Amino acid sequence: MVMVTGLDFAVLVVMLLHLLVCPYTKVEESFNLQAMHDILYHGFSLSQYDHLEFPGVVPRSFLGPFVISTVSAPLVWTARLFGASKFFSQIVVRACLGFYVLMGFRAFCTAIQSNFGRSVKRWMLLLTVTQFHLLFYMTRPLPNVMALGLVFLALSYWLRQRYGRFIWTSGIAIIVFRAELALFLGLILFMELMYHRVSIFTLLRNVFPAGAVVLVTTFLVDSIFWKRWLWPEGEVLWFNVVLNKSADYGTSPFLWYFYSAIPRALSCSTLLIPVGFYFDRRLLTLLFPALGFVFLYSFLPHKELRFIIYTFPVLNIAASCAMSRIWLNRSKTPLQWVTAHLVACHLFVNVFISVCFLYVSSHNYPGGVAMHRLHELAQSNAHSNSENISVHIDVYTAQTGVSRFTQLESLWQYNKTEDLPPGGEAMKQFSWLLIGANSEKSKSVLPYSATHEVVAKVEGYNKLQLAWTSVPPFKVITGTKIIILKKRNIT
């Protein structure tokens with residue numbers, strides 16, 4: 001039985017802190033979040049599901065949302081019995097997602113202890129709890145995060161040399177959630193074959209059955225939910241790699257992951273990776289597939305930090321080995337004592353950086369804040385229960401925090417249609433308008449001056465400004481992001 005330590009609890013607490021400070025989600029998290037809402041609130045009534053009305057660019061699998069929704073359903077139903085809002089249910093499903101990833105992470109850490117010792121595991125937990133991105137993303141309903149828990153399990157099986165389980169778990173992660181993991185987990189399998197730790201017989205005995213079972217499962221289940229025959233991740237792979245359409249969403253330089261993403265994710269601990277490799281050459285086995293994956297994935301021009309999130313814990317092992325060796329040797333000489341304490345102080349720098357990241361992120365979801373403010377305004381106007389209330393949510397608002405969990409009034413009509421002409425008659429009929437704009441004099445707001453009145457402005461993150469005389473030495477500059485308008489003749 002694996003004991004829960006204080007550091008395990010600290011990881012859990014910090015993960016939940018990130019969730020509570022930033023409870024809203026962005027557009028890239030939309031599909032999984034809406035799917036979990038619809039499974040919980042609409043059940044088998046597929047015609048009411050969001051993805052059929054707003055299908056998005058490429059389809060995603062329902063297997064992840066179905067599992068998380070099933071696990072969270074008892075908590076959601078209990079909360080509803082006590083009168084909790086749908087938005088509380090959003091926090092519940094995200095917390096359940098975080099627990100699932102955390103279970104995989106614990107298995108990974110246990111495998112680290114078996115291979116590198118308890119000291120390395122403790123430093124691994126300390127580094128993780130002081131860094132921002134991994135714990136921040138653990139509760140975010142992204143396909144990458146759905147795969148992350150499985151990747152942790154796969155890595156733990158690999159470190160324990162349970163190769164059959166490694167292949168099956170890797171197959172689920174690759175075929176259902178993120179096809180690019182074939183590069184990362186495939187490099188691991190290739191390396192084990194080259195070192196003769198995995199036989200061709202073991203490979204064939206597991207790869208083909210795992211691939212067939214997983215592919216058939218996702219094909220059948222997702223075809224039901226999407227009402228057409230499809231393999232979701234196959235279509236994503238075709239869109240991103242073959243057609244290279246992901247580049248339409250922005251491109252970054254080839255080495256961006258190395259000089260920007262990894263240093264931001266690991267903070268000051270990044271500097272310890274080569275030190276750890278110097279102390280323990282066994283780390284080459286871990287670093288080769290991780291860094292090889294990042295290198296190969298860099299050929300795709302569209303880059304985001306979350307695309308390589310699976311490598312952060314592996315890179316942290318190297319940093320943890322460095323910290324463990326430096327700290328264990330601290331009593332040998334006065335210089336080593338000073339060095340050990342100075343290096344350990346980098347954890348405080350990590351914490352400071354993480355707090356800054358979290359503070360900035362909390363200002364980055366104006367759409368979610370606007371929905372919350374909208375319902376407050378409606379209640380103050382004493383017409384929140386009216387069946388005639390309609391709300392139009394524009395693209396920017398929908399992308400920055402709106403989900404079906406934030407649509408609190410069951411009698412209202414919430415509309416996200418994108419092709420309605422600005423200022424057209426259809427738009428003027430809505431009771432409330434949420435419009436992304438930086439001023440009430442914006443061109444997107446002015447057409448409604450005769451029919452609607454501005455009742456609120458929602459601010460969001462604009463930029464950082466240095467302020468050396470304050471603590472922290474910067475200020476978050478916000479600006480108007482969303483204008484809330486109410487129809488003049490609402491009674």
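**Exercise 1. Salt-bridge network**

Task: In this predicted model, identify which residues are linked with Asp 38 in a network of salt bridges.

Solution. The network joins Asp 38 to Asp 50, Arg 404 and Lys 416. For the wider setting, a search of the whole structure finds 13 salt bridges.

**Exercise 2. Three salt-bridged pairs**

Task: For the pairs Glu 180 and Arg 178, Arg 282 and Asp 280, and Glu 376 and Arg 373, state the distance between the closest N and O atoms and classify each residue as buried, partly exposed or exposed.

Solution.
Step 1. Recall the cut-offs: a residue is buried under 20% relative accessible area, exposed over 50%, and partly exposed in between.

Step 2. Consider Glu 180 and Arg 178. The closest N and O atoms of this pair are 2.7 Å apart. Glu 180 has a relative accessible area of 10%, so it is buried. Arg 178 has a value of 2% and is therefore buried.

Step 3. Consider Arg 282 and Asp 280, whose closest N and O atoms are 2.8 Å apart. Arg 282 is partly exposed because its relative accessible area is 45%. Asp 280, at 13% relative accessibility, counts as buried.

Step 4. Consider Glu 376 and Arg 373, whose closest N and O atoms are 3.4 Å apart. Glu 376 counts as partly exposed because its relative accessibility is 37%. Arg 373 has a relative accessible area of 34%, so it is partly exposed.

Step 5. Place this last pair in the chain. Glu 376 and Arg 373 are three residues apart in helix H19 (residues 366-380), so about one helical turn separates them.

**Exercise 3. Strand S1 and its partners**

Task: Determine which residues lie on each side of strand S1 (residues 390-393), and in which sense S1 pairs with S2 and with S3.

Solution.
Step 1. In a regular strand, the side chains alternate between the two faces of the sheet.

Step 2. In S1, Ser 390 and His 392 lie on one side, and Val 391 and Ile 393 lie on the other. All four are buried, and both faces of the strand are covered.

Step 3. Strand S2 (residues 413-415) runs parallel to S1, and three bridges join the two. Within this pairing, His 392 has Asn 415 as its bridge partner.

Step 4. Strand S3 (residues 432-436) also pairs with S1 in the parallel sense, over three bridges. Here Val 391 has Trp 432 as its bridge partner.

**Exercise 4. Nonpolar cores**

Task: State which residues touch the most other members of the largest nonpolar core, and which helix gives the most to this core.

Solution.
Step 1. In soluble globular proteins, nonpolar side chains tend to be buried together.

Step 2. The largest nonpolar core has 99 residues, of which Phe 105 and Phe 184 touch the most other members. Helix H5 (residues 86-116) gives the most to this core, with 15 residues.

Step 3. A second, separate core has 17 residues, among them Ala 378, Val 391, Val 402 and Ile 482.

Step 4. Apart from its neighbours within four places in sequence, Phe 105 is in contact with several residues, including Val 11, Met 124, Leu 134 and Phe 152.

**Exercise 5. A nonpolar surface patch**

Task: Name the residues that make the nonpolar surface patch of about 660 Å², and classify Leu 296 as buried, partly exposed or exposed.

Solution.
Step 1. The patch is made by Leu 183, Phe 254, Leu 255, Tyr 259, Phe 295, Leu 296 and Phe 299.

Step 2. Leu 296 belongs to helix H15 (residues 284-297). Its relative accessibility is 36%, so Leu 296 counts as partly exposed.

Terms used:
Residues are numbered from 1 along each chain as its sequence is written. This is a predicted model: local features need pLDDT of at least 70, side-chain atom pairs count only at pLDDT 80 or more; totals for chains, interfaces and linings use all residues. Side-chain values use heavy atoms; hydrogens and water are left out. Patches are made of residues with over 30% relative accessible area and no salt bridge: like charges are joined within 9 Å, nonpolar side chains (Val, Leu, Ile, Met, Phe, Trp, Tyr) within 5 Å. Accessible areas come from the Shrake-Rupley method with a 1.4 Å probe; for residues, only the protein chains shown count as cover. A salt bridge is a side-chain nitrogen of Lys or Arg within 4 Å of a carboxyl oxygen of Asp or Glu. Buried means under 20% relative accessible area, exposed over 50%, partly exposed in between (1.4 Å probe, protein chains only). A nonpolar core is a set of buried Ala, Val, Leu, Ile, Met, Phe, Trp, Tyr and Cys residues joined through side-chain atoms within 4.5 Å. Contact means heavy atoms within 4.5 Å. Two strands pair if DSSP finds at least two bridges between them.
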